[in-house]
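Colleague: I am new to this structure and would like a close look at a single part of it. Could you take me through the pockets and what surrounds them?

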Amino acid sequence: MSTQTKRILALLIVLALSIGIGVAVNELWNFIDRKIHPLSYEEIISNASEEFDVPKNVIYATIKVESGFDALAMSSKGASGLMQMMPSTFEWLTGDEHLGEHLPQRKLNDPEVSIRYGTYYLSYLYKKFDYNWDTAFAAYNGGEGNVAKWLNDPKYSDGKGNLTDIPFEETEKYVKKINRAIEAYDKLYGENT
């Protein structure tokens, strides 16, 4: 075997090993990403997605950001469940003005109830704020009353129903986190998961 043939063979071996290592590292990252962005509660999420016409990736992303898929999560402000809903919001949504089921607050820790009502609330906010997900996410976190004020203030809005600035730092970060989580779910599992 000539020196040139040996060099080519060595180069091919190095190239093959590099590709193999690259594929293995990519698979490892995908595995880790899937653990970080799980498809838990698939049937419940699928049902809520269909019932309220909210993309599954939006529901998964909201749960990921809100509770990290911990059904017993409780925020320092009193929000609870997978979708971290405030008891007063839950009471309002279960009342006659909305779904009319009048459920007790303890049901917020039931994954099916939390996902269903959180998804309903996202759908409600999405429609209320001119079918704009970023504005709906801002309202989910910062309150719909605050968002309505911001949309009427040229400091925070373009006058066409879009927020140009969010004065609450937590809410601004929240909208970015939700969008990153949606992108991760789209990348890992396909659009609308």
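Modeller: What follows is a walk through the two pockets and then the charged pairs beside them. Please keep in mind throughout that this is a predicted model.

The largest pocket has a volume of about 590 Å³, and 23 residues line the largest pocket, with Glu 66, Gln 84, Tyr 140, Asn 141 and Glu 170 lying nearest its centre. Three helices, α3 (56–67), α6 (133–142) and α8 (169–189), each supply at least two residues of that lining, and the largest share, 5 residues, comes from α8. Sorted by class, the lining of the largest pocket holds 9 nonpolar, 8 polar and 6 charged residues.

The second largest pocket encloses about 170 Å³ of space. Its lining includes Asn 132, Asp 134 and Thr 135, then Asn 162, Leu 163, Thr 164, Asp 165 and Ile 166, and also Glu 172, Val 175 and Lys 176. Here α6 and α8 each supply at least two lining residues, and α8 gives the most, with 3 residues. By class, the lining of the second largest pocket is made up of 3 nonpolar, 4 polar and 4 charged residues.

Two residues in the lining of the second largest pocket, Glu 172 and Lys 176, also meet each other through their side chains in a salt bridge, at 3.9 Å from N to O. Side chains of opposite charge can pair when their charged atoms come close. Glu 172 and Lys 176 are 4 residues apart in helix α8, so about one helical turn separates them. Both ends of this pair are partly exposed, since the relative accessibility is 46% for Lys 176 and 29% for Glu 172. Elsewhere, salt bridges that share partners join Glu 51, Glu 101 and Arg 116 into one network.

Helix α8 carries another pair of this kind, for Glu 169 forms a salt bridge with Lys 173, and the closest N and O atoms are 3.0 Å apart. Glu 169 and Lys 173 are likewise 4 residues apart in α8, and therefore separated by about one helical turn. Glu 169 is exposed, with a relative accessible area of 54%, whereas Lys 173, at 46% relative accessibility, counts as partly exposed. To set these pairs in context, a search of the whole structure finds 7 salt bridges.

Taken together, α8 is a helix to follow when viewing this part, because α8 provides the largest share of the lining of the largest pocket and gives the most to the lining of the second largest pocket.

Notes: Residues are numbered from 1 along each chain as its sequence is written. This is a predicted model: local features need pLDDT of at least 70, side-chain atom pairs count only at pLDDT 80 or more; totals for chains, interfaces and linings use all residues. Side-chain values use heavy atoms; hydrogens and water are left out. On a 1 Å grid over the protein atoms alone, a cavity is a set of points where a 1.4 Å probe fits but cannot get out, and a pocket is an open set with protein on both sides within 12 Å along at least five of seven lines; lining residues have an atom within 4 Å of a point. Grid points are joined across faces, edges and corners, and a volume is the space filled by probe spheres set on the points. Ala, Val, Leu, Ile, Met, Phe, Trp, Tyr, Cys and Pro count as nonpolar, Asp, Glu, Lys and Arg as charged, and the others, Gly among them, as polar. A salt bridge is a side-chain nitrogen of Lys or Arg within 4 Å of a carboxyl oxygen of Asp or Glu. Buried means under 20% relative accessible area, exposed over 50%, partly exposed in between (1.4 Å probe, protein chains only).
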